[in-house]
Amino acid sequence: MLREDVAPILRAAGFRGTERTFVFPDADWFAQVGIQTSTATASTSSRSRLTINAQVIPKAFWNHVRAERHYPAKPSPNVGYGRIGEFWEVRAGQLIDGQDRWWSLDASGRGRRELAVEIADLIVDVVLPAMQLCMATGDLTEPGNT
């Protein structure tokens, strides 16, 4: 679903990436979206669960502190680094209604296309503008600063 249905829509909106990590290219910022699948028992062979993580991090700051904090060369959008004000990290659901949100897809793939469109639209219409606002203003303090 991600590779075939979501990725082409995100690429058309300016993202680059694979089926789980999409980067919005910028010279000064790590701006990325990650698709996280559940590792809890709620995801079974008959049903998959996923959520969307968004992240905006100043590249200069990341490069300055990464050795000291033992961070990798590039951040992962599915890892929370827990530095409010230094990094902007949010689950997409928080941008909708302030709540964490997980989506489900059953093994039969029923509703796959509708789910893919919902996820892609959420990223393009809600998450990306919030990321762009962070980059434009430098405000990394509030997850829902839109």
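In this predicted model, the largest nonpolar core comprises 35 residues, and those with the most contacts inside it are Phe15, Ile52, Val56, Trp88 and Met131. Several elements build this core: helix 1 (2-12), strand 3 (29-37), strand 4 (47-58), strand 5 (88-91), helix 3 (92-97), strand 6 (103-106) and helix 4 (112-137) each contribute at least two residues. Helix 4 provides the largest share, with twelve residues. A second core, separate from this one, has seven residues, among them Phe30, Ile57, Val65 and Tyr71. As a general background to such groupings, nonpolar side chains tend to be buried together in soluble globular proteins.

Helix 1 is a good place to look next. Its buried residues are Leu2, Asp5, Val6, Ala7 and Leu10. The cover over these buried residues includes strand 2 (21-23), strand 3 and helix 4. After helix 1 comes glycine 14, which has a positive phi, near 110°.

Strand 4 holds a polar residue worth a closer look, glutamine 55. Is this glutamine buried or exposed? Glutamine 55 counts as buried because its relative accessibility is 1%, where the cut-off for buried is under 20%. What, then, lies by the polar atoms of its side chain? The backbone oxygen of serine 76 is 3.1 Å from a polar atom of the glutamine 55 side chain, and the backbone oxygen of valine 79 is 3.4 Å from a polar atom of that side chain. Leaving aside residues up to four places away in sequence, glutamine 55 touches Phe30, Ala31, Gln32, Pro75, Ser76, Pro77, Val79, Tyr81, Trp88, Glu89 and Met131. Two of these neighbours, Trp88 and Met131, are also listed among the residues with the most contacts inside the largest core, while Phe30 belongs to the second core.

The model also offers some open space to explore. The largest pocket has a volume of about 230 Å³. Its lining consists of 14 residues, of which Met1, Leu2, Arg20, Leu50 and Leu105 are the closest to the pocket centre. At least two lining residues come from each of helix 1, strand 4 and strand 6. Sorted by class, the lining of the largest pocket contains six charged, five nonpolar and three polar residues. Leu2 thus appears in two parts of this description: this leucine is buried in helix 1 and is one of the lining residues closest to the centre of the largest pocket.

Note on methods
Residues numbered from 1 in each chain as written. Predicted model: local features only at pLDDT ≥ 70, side-chain atom pairs only at ≥ 80, totals over all residues. Heavy atoms only, no water. Core = buried A, V, L, I, M, F, W, Y, C linked by side-chain atoms within 4.5 Å. Buried < 20%, exposed > 50% of the residue type's maximum accessible area, 1.4 Å probe, protein only. Helix = DSSP H or I, 4+ residues; strand = E, 2+ residues; numbered from the N terminus. Polar contact = N/O pair within 3.5 Å; in protein donor to acceptor, adjacent residues only side chain to side chain. Contact = heavy atoms within 4.5 Å. 1 Å grid on protein atoms, 1.4 Å probe; cavity = no way out; pocket = protein on both sides within 12 Å on 5 of 7 lines; lining within 4 Å. Points joined across faces, edges and corners; volume = space filled by probe spheres on them. Nonpolar A, V, L, I, M, F, W, Y, C, P; charged D, E, K, R; others polar.
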